[in-house]
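Reader: I've got a structure open and would like to walk through it with you. Could we take it feature by feature, with the general idea ahead of each case?

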Amino acid sequence: MAALARWCYRHRLVVLLLWVGALFGLGFSASTAGTDYANVFSLPDTDSKKAYDLMEKAFPASAGDTDTVVWKVDEGSVRDEAVRSRIQPALDEIAKMRGVGGVAGPYAGGGGAARISGDGRIAYAQITFTEQANAVPKELVQDVVDTAHAAGREGLEVEVGGQAVQRVQEPPTGLAEMVGLAAAAVVLFLAFGSLYAMLLPLAVAVFGVGMGLFSTQLLSHVTDIPDLAPLLSSLIGLGVGIDYALFIVTRHRKGVLRGLDPEESAVTALNTSGRAVLFAGGTVCIALAGMLVTNLRFLDGVVIGTSLTVVLSVLAATTLLPALLGFLGARVLSRKQRRRLAATGPEPERTSGPAARWSQGVQRRPRTIAAAALVVMAVLALPVLSLRLGATDQGNDDASTTTRKAYDLLAEGFGPGFNGPLQVVVDGGDATALARSIEDTPGVAQVAALPPAGGITVIQVVPTTSPQSQETDALIDRLRDDVVPAAGAEAHVGGVTAVSKDFATVTGDRLPLFIATIIGLGFLLLLVAFRSLVVPLTAAVMNLVAAAASFGVLVAVFQWGWGLDLLGLGKEGPINAFLPVIMLSLLFGLSMDYQVFLVSRMHEEWVHTRDNARAVRVGLAETSRVINSAALIMVCVFLAFVLSGDSGAAMAGVGLAAAVALDAFILRTALVPAAMHLLGDANWWLPGWLEKRLPHLAVEPKEEAAHPAAAGEGPASVVHGFVRGTGGEPVEGATVALVAPDGREVDRVTSLADGSYILSVPAPGTYRLTTTAEPPLLDRTRQLTVATEPLVHDVHLDEAAEVT
């Protein structure tokens with residue numbers, strides 16, 4: 001990793017040109033090729049799939065997607081000649097289009113009158129395509145929409161609804177991404193205080209996401225990728241791209257402040273935090289690949305798009321970022337920091353400020369903080385008991401879209417069930433008797449049997465409730481379990497609403513296997529990384545707690561409708577069936593990032609001191625600020641996707657924002673360290689037989705020394721001085737340790753009554769001096785360069801403010 005970072009730093013212009021050329025090359029290719037996204041639902045052995053197969057066999061021209069043209073007059077009736085003379089020619093033109101199987105309107109015989117509302121002001125026509133919605137060419141759908149809208153005039157409103165039409169209503173692209181980047185820029189500027197440092201993570205994210213989106217667009221021509229994949233890819237790509245660069249830039253700035261040459265600091269940052277980024281990116285991809293165990297083809301394309309974007313974001317962070325650091329040099333620091341560095345020299349490494357005070361507070365009151373965090377998470381998780389998976393209908397579309405307007409017009413004129421009719425496909429038995437039984441079933445508004453073909457009869461059933469309502473789900477179950485068997489017919493219930501219900505059922509059935517898979521993978525990764533049974537077990541429990549609480553927030557907002565009006569996302573309804581799988585994958589990957597970043601620092605301290613309380617306190621104090629900054633950036637990016645205009649992306653954005661906020665601000669900052677204080681040395685327990693069999697994996701190797709003299713080379717020396725408190729008073733009993741570049745502790749002493757200490761140094765080189773005292777004094781770490789002569793170094797400890 002160090003060699004790669006050094007090469008990129010020294011050949012920065014070449015690296016930058018390669019990335020710019022790749023981005024523009026992919027962008028040109030993608031814009032030339034266009035898009036070919038396809039929402040492929042593979043639901044074998046489901047009742048709705050059997051119904052579709054029968055319809056495709058008996059009615060090949062009518063087995064495709066059925067969309068609707070609906071119109072309304074302000075005055076008079078839709079039967080008026082002035083209205084009919086505008087609508088009928090448009091319907092005739094649509095019927096002649098290649099790919100349209102047929103058009104059934106209200107002005108023809110054979111039940112056309114039923115397509116006019118009771119008050120005569122609203123009517124509709126059904127357009128049946130020869131393909132399912134995901135396979136209908138967008139150009140054809142757009143022609144249908146344009147032709148229908150052209151028939152409208154003042155006093156005559158014409159709208160178009162349906163699954164195929166919804167596909168061409170792409171929300172404004174780029175708005176959510178721009179808002180997310182702007183919010184992230186504000187957070188980064190506040191964290192760094194430098195314009196140049198702020199731009200680095202943004203540039204890395206833009207390159208990673210841009211290349212990921214262009215690559216996904218090109219791949220849509222060779223494999224099935226759903227149109228939701230680009231939105232999710234940009235959502236996760238912006239988050240991880242900015243976060244990974246933030247971790248590396250933070251480590252680099254720390255090295256420059258400590259007096260390292262910018263090139264050496266960049267190489268060290270990439271060889272430490274860069275390795276952690278590789279590990280974190282790998283865990284995200286593994287978590288995303290966990291979706292494949294559900295065997296739902298719809299999610300395969302999501303895995304491809306999001307994983308590719310994450311990989312490119314990691315590649316940008318580990319190659320493009322060191323090149324950009326080379327262009328900036330010392331300007332990665334703010335002007336104030338550069339002036340202070342020039343005037344006073346390198347800054348000592350110290351742990352102080354709000355993060356250190358909070359860490360001290362957690363150590364003092366672990367039971368209180370753990371109990372408070374658990375109560376908050378439990379309260380937020382309570383709504384998850386009411387979780388209902390399903391599919392949102394077009395009533396959740398933006399109010400300005402033609403699908404939403406068509407949905408509202410049909411509901412106004414014919415009832416909400418018209419927006420999601422069921423199709424009962426009869427393959428044997430008395431279809432007429434079955435139709436009568438269905439008509440007498442509670443929850444059915446209208447029944448119409450179509451003329452049979454090839455021994456197959458289709459009965460169209462209009463529910464009294466909307467497609468996404470729980471009552472409609474209950475009606476489908478009633479038809480399948482009671483009505484059809486009682487009639488003695490061989491029939492299957494299909495239609496878009498039934499397909500959505502079956503998809504939710506299949507997803508729910510496979511969810512436990514999926515959760516067990518990703519939790520098991522995470523346990524194994526952390527077990528190998530930290531050589532402990534308790535740490536990965538704690539992480540697994542925390543992931544489940546975070547998931548429950550975040551889904552509780554989703555249920556409260558989108559299923560119960562709390563605050564939906566503020567978001568402008570339509571009415572309440574079920575949680576999209578695909579969302580738990582996607583959210584759990586992303587949440588697992590992101591929470592692993594924070595867990596690795598937090599616990600790796602604790603583990604390093606534990607290896608050096610074998611003091612669990614110190615390890616947890618120091619690890620939390622040194623990492624919580626970066627974790628919280630990274631989480632705040634992700635929350636801003638995810639919440640920005642509420643502006644995307646896509647209800648699925650908005651739901652994912654709110655859910656992931658809640659998950660990341662709860663995970664970082666409550667779990668990793670409060671509950672995890674409090675639990676680790678309570679568990680004590682048991683945190684790091686691993687049976688001896690397992691220790692021998694586990695492979696060794698260094699998540700983040702120790703920093704290389706700035707002066708590479710190895711222990712044992714050159715004459716020995718000493719470091720001595722005094723440990724003093726805030727007012728200059730001597731500190732007795734403080735533990736002072738000297739740590740070699742390879743992480744090995746070379747000497748440890750306790751300060752005397754006058755605060756003095758003396759440490760043996762085996763050879764010249766760079767070492768880390770750590771000083772630990774009893775609270776309220778804060779621990780301190782300083783990097784020292786020792787020559788052949790004794791080094792005098794006094795340690796001044798700050799006092800932590802009281803935490804209440």
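## Reading the model

Author: Sure, and let's begin with a salt bridge: the side chains of Lys501 and Asp477 meet in one, at 2.9 Å from N to O. Lys501 lies in helix H18 (residues 496–530) and Asp477 in helix H17 (residues 470–487), so the pair ties together parts that are 24 residues apart in sequence. Keep in mind that this is a predicted model.

Reader: Are Lys501 and Asp477 buried or exposed?

Author: A residue counts as buried under 20% relative accessible area and as exposed over 50%, with partly exposed in between. Lys501 has 12% relative accessibility, so this lysine counts as buried. Asp477, at 31%, is partly exposed.

Reader: How many salt bridges does the structure hold?

Author: There are 12. In another one, Lys72 and Glu412 bring their side chains to 3.1 Å, N to O. Here the partners sit in strand S1 (residues 66–73) for Lys72 and helix H15 (residues 402–414) for Glu412, so this bridge ties together parts that are 340 residues apart in sequence. Lys72 counts as buried at 16% relative accessibility, while Glu412 is partly exposed at 48%.

Reader: Which residues make a salt bridge with both partners buried?

Author: Look at Arg668 and Asp663, whose side chains meet at 2.9 Å, N to O. Arg668 is buried, and Asp663 is buried as well. Salt bridges can also share partners, and that is how Arg6, Arg10, Glu263 and Glu264 are joined into one network.

Reader: Zooming out, how should I read the charges of the chain as a whole?

Author: Try comparing where the two signs sit on average. The protein chain has 59 positive and 77 negative charges, and their mean positions are 8 Å apart.

Reader: And the overall fold, what is in there?

Author: Start with the inventory: 24 helices and 18 strands make up the secondary structure of the protein chain. Then take the dimensions, where the C-alpha trace spans about 105 × 55 × 45 Å along its principal axes. After that, ask how far along the sequence the contacts reach. Among contacts with a separation of 6 or more, 78% are between residues 24 or more positions apart.

Reader: What share of the residues is buried, and what does the chain expose?

Author: Of the 804 residues in the protein chain, 56% are buried. The chain exposes about 31,800 Å², and carbon and sulfur atoms supply 58% of that area.

Reader: How do I read a nonpolar core?

Author: In soluble globular proteins, nonpolar side chains tend to be buried together. In this case the largest nonpolar core has 148 residues, and Ile242, Met291, Tyr594 and Phe638 touch the most other members. Helix H23 (residues 647–679) contributes the largest share of this core, with 18 residues. Apart from that core lies another of 30 residues, including Val83, Phe129, Val141 and Val168.

Reader: Which residues does Met291 touch?

Author: Setting aside residues up to four places away in sequence, Met291 touches Leu299, Val302, Val303, Phe514, Val581, Ile582 and Ser585.

Reader: Let's move toward the end of the chain. Where is Ala753 found?

Author: For a loop residue, check the flanking elements, then the exposure, then the contacts. Ala753 is in the loop between strand S13 (745–750) and strand S14 (756–761). With a relative accessible area of 55%, Ala753 is exposed. Beyond residues up to four places away in sequence, Ala753 touches Pro730 and Glu732. Leu521, by comparison, is 232 residues from Ala753 in sequence and 51 Å away in space, C-alpha to C-alpha.

Reader: And Ile758, which residues is that one in contact with?

Author: Ile758 is found in strand S14. Leaving aside neighbours within four places in sequence, Ile758 is in contact with Val718, Val719, His720, Asp747 and Val749. Gly721 lies 37 residues from Ile758 in sequence, yet the two C-alpha atoms are 6.7 Å apart.

Reader: One last stop: where is the place of Asp798?

Author: Asp798 is in the segment after strand S18 (795–796). At 29% relative accessibility, Asp798 counts as partly exposed. Asp779 is 19 residues away along the chain, and 8.2 Å separates the C-alpha atoms of Asp798 and Asp779.

Technical notes
Residues are numbered from 1 along each chain as its sequence is written. This is a predicted model: local features need pLDDT of at least 70, side-chain atom pairs count only at pLDDT 80 or more; totals for chains, interfaces and linings use all residues. Side-chain values use heavy atoms; hydrogens and water are left out. Helices (H or I, at least four residues) and strands (E, at least two) are DSSP runs, numbered from the N terminus. Buried means under 20% relative accessible area, exposed over 50%, partly exposed in between (1.4 Å probe, protein chains only). Contact means heavy atoms within 4.5 Å. Accessible areas come from the Shrake-Rupley method with a 1.4 Å probe; for residues, only the protein chains shown count as cover. Lys and Arg count as positive and Asp and Glu as negative; His and the chain ends are not counted. The place of a charge is taken as NZ of Lys, CZ of Arg, CG of Asp or CD of Glu. A nonpolar core is a set of buried Ala, Val, Leu, Ile, Met, Phe, Trp, Tyr and Cys residues joined through side-chain atoms within 4.5 Å. A salt bridge is a side-chain nitrogen of Lys or Arg within 4 Å of a carboxyl oxygen of Asp or Glu.
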